[in-house]
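Dear colleague,

I am passing on a structure that you have not yet worked with, and I would be glad if you looked it over before reading my notes.

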Amino acid sequence: MSAHPDTHEAASRPGARRTRPRNVVLVGFSYTGKSTVARLLARRLGWRAVDTDREIQRRTGSTPQEIFSSEGEAGFRAIERQVVADFCRGQRQVIATGGGAPIDPDSRAVMFDGNIVVLLDASPEAILRRYRQSVSGEPRPMLESNDPLARIRSLKASRDPTYRLAHLVVETELLTPLESAELIYRLAGIRG
């Protein structure tokens, strides 16, 4: 587990927070625990938990996987960009984002505008294990490959420089979701 609570380091990040954040935005690769940790942290703060992928499905009537199939990644990212912007303008929410959301410059800009951004991280091997154990059974378009571990490693490596802009980094591999939520609660210093 690691964190970047150093205010000097956080002050150099985009949208460095100087006041109480409006929201907590969870970023990271698929299967690092964002949705579950969002619910637990929101409960701890007395805030609302929201999930961008679920909101995309609510608004469009299609799963992210279906949108990827019919409109491609660009079509999906356009919808996601609007959902992220809408949520990030709100307040007192813990927002679980899709794995690729912070890669989009517009989405990233609104995430860092008055919010605290937390990266949930895990090794490619842990991500693959969780993916295979997932009860949802939903395919992940970005992970479809003959060698999913190599795909996870490659995609994660390309996203890591952007992910690492987060104000805090929490390694979830050896933590339960509740432990991850409690760690964020302590490190972020936010009180409901």
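Below is what was found in it, beginning with the sheet and then turning to two helices.

Please keep in mind that this is a predicted model. Its five strands form an open sheet in the order β2-β3-β1-β4-β5, with parallel pairing, and the edge strands, β2 and β5 (residues 168-171), each pair on one side only. From one strand to the next the twist averages 20 degrees. Within this sheet, β1 and β4 are joined in the parallel sense over four bridges, and Val27 has Leu119 in β4 as its bridge partner.

Helix α2 covers residues 34-45, and its length can be checked with simple arithmetic: at 1.5 Å a residue, its 12 residues should span 16 Å, and because the C-alpha atoms at its ends are 16 Å apart, the model agrees with that expectation. The helix is followed by Gly46, whose phi is positive, near 75 degrees.

Which residues of α2 are buried? They are Lys34, Val37, Ala38, Leu40, Leu41, Ala42 and Leu45. In reading that list it may help to recall that an α-helix has 3.6 residues a turn, so residues three or four places apart point the same way. What covers the buried residues of α2 includes the strands β1 (23-27), β2 (48-51), β3 (93-96) and β4 (116-121), as well as helix α8 (177-188).

Helix α8, for its part, lies across β1, β4 and β5, and runs at about 155 degrees to β5.

With best wishes

Methods: Residues are numbered from 1 along each chain as its sequence is written. This is a predicted model: local features need pLDDT of at least 70, side-chain atom pairs count only at pLDDT 80 or more; totals for chains, interfaces and linings use all residues. Side-chain values use heavy atoms; hydrogens and water are left out. Helices (H or I, at least four residues) and strands (E, at least two) are DSSP runs, numbered from the N terminus. The expected span of a helix is 1.5 Å times one less than its number of residues. Buried means under 20% relative accessible area, exposed over 50%, partly exposed in between (1.4 Å probe, protein chains only). Contact means heavy atoms within 4.5 Å. Two strands pair if DSSP finds at least two bridges between them. Axes are lines fitted to C-alpha atoms, for helices over the stretch in contact, and angles run from 0 to 180 degrees between N-to-C directions.
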